[in-house]
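The following note is offered to a colleague who is meeting this structure for the first time. Please read the points with the sequence and the structure in view.

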Amino acid sequence: MTITFSATNQEGLMINKDHLIIPQHRHKDKVVVIMGVTGTGKTRLSIDLATFYKGLNIVTNKVTDEESRGVPHYLLRIVDPEIDFTVRDFDHHVLLTCEVITRRGQLPIISSGSNSYIKALVIDDVGFRSKYECCFLWVDVLIPIFHVYVSIRVDEMVDCGLGEEVKNFFDPKGDYARGIRHAIGVPEMDEFFRNECMVDGEARVELLEACIGHIKENTCKLACHQLQNILRLGELLEWRIHSLE
């Protein structure tokens with residue numbers, strides 16, 4: 001049978017002259033998703049892409065104004081530190097933001113440090129899957145190399161004032177399982193803040209170094225866990241992920 005299409009109804013179905021209804025192929029907007037374990041340069045890549053191709057926008061984690069290089073960023077500093085930002089919250093806000101960006105004829109770039117959130121968005125969220133077609137870029141770094149880099153990176157964070165920043169969130173009765181206090185770098189400093197007034201000199205330095213060591217160790221553990229999540233997601237997507245070494 002030869003089918004000739006003649007009309008489109010409100011449900012997006014094509015109706016032929018013989019009254020046979022066939023689903024119409026719906027256009028999906030494009031989205032770039034940048035993945036990778038923590039600290040591998042996802043934000044830097046997203047900004048490089050956005051500044052190379054004019055008119056691109058990014059849905060990403062925190063980045064400084066200087067680092068953003070004039071690229072519009074969304075979903076930054078929107079959540080109270082005491083509030084848990086759930087997977088459902090992430091999906092809701094990303095979907096709304098992508099709609100705003102694509103209506104302007106621009107391409108969203110999603111750069112997320114949580115690969116479990118990405119999975120929930122691109123695999124489990126029916127609304128997102130029905131509207132968007134994704135290009136997945138995986139910033140891949142060999143774990144042994146990453147471990148060396150983590151040590152350098154954490155030391156640089158300490159030099160830039162990590163301790164002073166975290167101290168603002170220190171609460172002897174605080175819950176490290178909720179909100180921003182759950183982030184690596186906060187609970188690890190708890191012992192230091194509790195005891196810094198009771199020790200001095202070499203003992204204080206040793207206590208601080210021990211806490212910094214825990215930050216490095218837990219960051220490496222997180223990276224290994226994130227890598228496994230990426231590999232599992234790759235299997236679900238049938239390896240439609242482009243690996244960038």
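1. The model is predicted. A convenient place to begin is Phe193, which is buried, with a relative accessible area of 9%; the cut-off for that class is under 20%.

2. Phe192 also counts as buried, because its relative accessibility is 6%. The ring centres of Phe192 and Phe193 lie 5.8 Å apart. Their planes meet at 65°, so this pair is classed as edge-to-face, a class that requires an angle over 60 degrees.

3. The structure holds 4 aromatic pairs. Through ring pairs, Phe192 and Phe193 belong to a cluster that also includes Phe170. In general, the distance of the centres and the angle of the planes serve to describe a pair of aromatic rings.

4. Attention may now turn to strand β8, which covers residues 132-139. Of its 8 residues, 6 are buried, so the strand is largely enclosed by the rest of the structure.

5. Which strands pair with β8? One is strand β4 (residues 29-35), which runs parallel to β8 and is joined to it by 7 bridges. Within this pairing, Val31 has Cys134 of β8 as its bridge partner.

6. Strand β9 (residues 241-244) also pairs with β8 in the parallel sense, over 4 bridges. Here the bridge partner of Trp138 is Ser243, which lies in β9.

7. When the side chains of these strands are inspected, a general point may help. In a regular strand, side chains alternate between the two faces of the sheet.

Note on methods
Residues are numbered from 1 along each chain as its sequence is written. This is a predicted model: local features need pLDDT of at least 70, side-chain atom pairs count only at pLDDT 80 or more; totals for chains, interfaces and linings use all residues. Side-chain values use heavy atoms; hydrogens and water are left out. Buried means under 20% relative accessible area, exposed over 50%, partly exposed in between (1.4 Å probe, protein chains only). Helices (H or I, at least four residues) and strands (E, at least two) are DSSP runs, numbered from the N terminus. Two strands pair if DSSP finds at least two bridges between them. Rings of Phe, Tyr and Trp (its six-membered ring) pair if their centres lie within 6.5 Å; planes under 30 degrees apart count as stacked, over 60 as edge-to-face and the rest as tilted.
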